[in-house]
Amino acid sequence: GVEEGLEQVELVSLGPTTVYAVGGHSCFQDYKLSSVEKYDPEENEWTTVAPMSTKRYAFGVAAVGGLLYAVGGEDENNTPLRTVECYVPSTNSWSPTASMHTPRKWLSVGVLGGLIYAVGGKNKNNEILSSMERYDPATNTWSVVASMNTRRYCCSVAVVNGLLYAVGGYDENNNRLSSMERYDPVANTWTLVAPMPEAQSEMSVAVLDGLVYVIGGVGGNEKT
């Protein structure tokens, strides 16, 4: 199974029967990870697959077209990354793709219409970002699109009915956020929508029957 004592491991499902655990950080030995493991629910079994070429922490993972993409994050020298790499299950191999315009750690990613969106995060100057960029796997290119109304890192992203939602996280003053905003890819605009009852960051989100569920995380209004 997955090694104990890990944090910020990115989980992503690829198809209905496979879950991947990608990268992260070992709390016991204090090092970043490039390792990847695959879980088969039917066999209740974890298998180690090819590692990423770069050790990544505080990054994002997306599944598009039967492939996995590891986006940005922080390397073993604590440097924010622009780089992106792609995992092909059929060959059990990773290869580099086009890099983002901006280095981002503690970003969030979402998939909408077969495109990958990299949302917010922190740059190489440790500045909190409101910007967002979009990756098209068909052309292997990143494009800068509309920025959020709020600078956010450690937020969560959900996609519902052709719209992308960014919820919670921390702002530029390291205050936790209750706010949520919605991105319309056709209009290329963000709109603030109903906030959560409580400020939260570092949580998970899930979409079920058209509803967004916010799970766990760190709550309260105090600064980090």
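**Close-up views of a predicted model**

**View 1. Lys122 is placed over an aromatic ring.** In this predicted model, Lys122 lies over the face of Tyr153, at 4.5 Å from the ring centre.

**View 2. Tyr135 and Trp142 form a tilted aromatic pair.** By the rule applied here, the count of aromatic pairs comes to nine. In the pair formed by Tyr135 and Trp142, the rings are 5.2 Å apart, centre to centre, with 40° between the planes. The pair is classed as tilted because its angle falls neither under 30 degrees, as for stacked rings, nor over 60, as for edge-to-face rings. Tyr135 has a relative accessible area of 2%, and Trp142 has one of 7%. Tyr135 therefore counts as buried, the cut-off being under 20%, and Trp142 is likewise buried by that cut-off.

**View 3. Tyr20, Tyr87 and Trp94 belong to an aromatic cluster.** The three residues Tyr20, Tyr87 and Trp94 are linked into this cluster by ring pairs.

**View 4. Strands β12 and β13 form an antiparallel hairpin.** Strand β12 comprises residues 132-136 and strand β13 residues 141-145. Five bridges join β12 to β13. Opposite Glu133 stands Val144 in β13. Four residues lie between the strands of this hairpin, in which Asn140 adopts a positive phi near 55°.

**View 5. Strands β19 and β20 form a hairpin with two residues between the strands.** The pairing of β19 with strand β20 (residues 211-215) is antiparallel and extends over five bridges. Val207 has Val212 in β20 as its bridge partner. In the hairpin of β19 and β20, Asp209 takes a positive phi near 55°.

**View 6. The largest pocket of the model is lined by 31 residues.** The volume of the largest pocket is about 1000 Å³. Among its lining residues, Glu10, Leu11, Val109, Val157 and Val205 lie nearest the centre of the pocket. At least two residues of the lining are supplied by each of the strands β2 (10-13), β6 (60-64), β10 (108-112), β14 (156-160) and β19 (204-208). Strand β19 thus appears in this view as a contributor to the lining of the largest pocket and in View 5 as the partner of β20. By class, the lining consists of 22 nonpolar, seven polar and two charged residues.

Definitions and conventions. Residues numbered from 1 in each chain as written. Predicted model: local features only at pLDDT ≥ 70, side-chain atom pairs only at ≥ 80, totals over all residues. Heavy atoms only, no water. 1 Å grid on protein atoms, 1.4 Å probe; cavity = no way out; pocket = protein on both sides within 12 Å on 5 of 7 lines; lining within 4 Å. Points joined across faces, edges and corners; volume = space filled by probe spheres on them. Nonpolar A, V, L, I, M, F, W, Y, C, P; charged D, E, K, R; others polar. Phe/Tyr/Trp six-rings, centres within 6.5 Å; stacked < 30°, edge-to-face > 60°. Buried < 20%, exposed > 50% of the residue type's maximum accessible area, 1.4 Å probe, protein only. Lys NZ or Arg CZ within 6 Å of the ring centre and 35° of its normal. Pairing = 2+ DSSP bridges.
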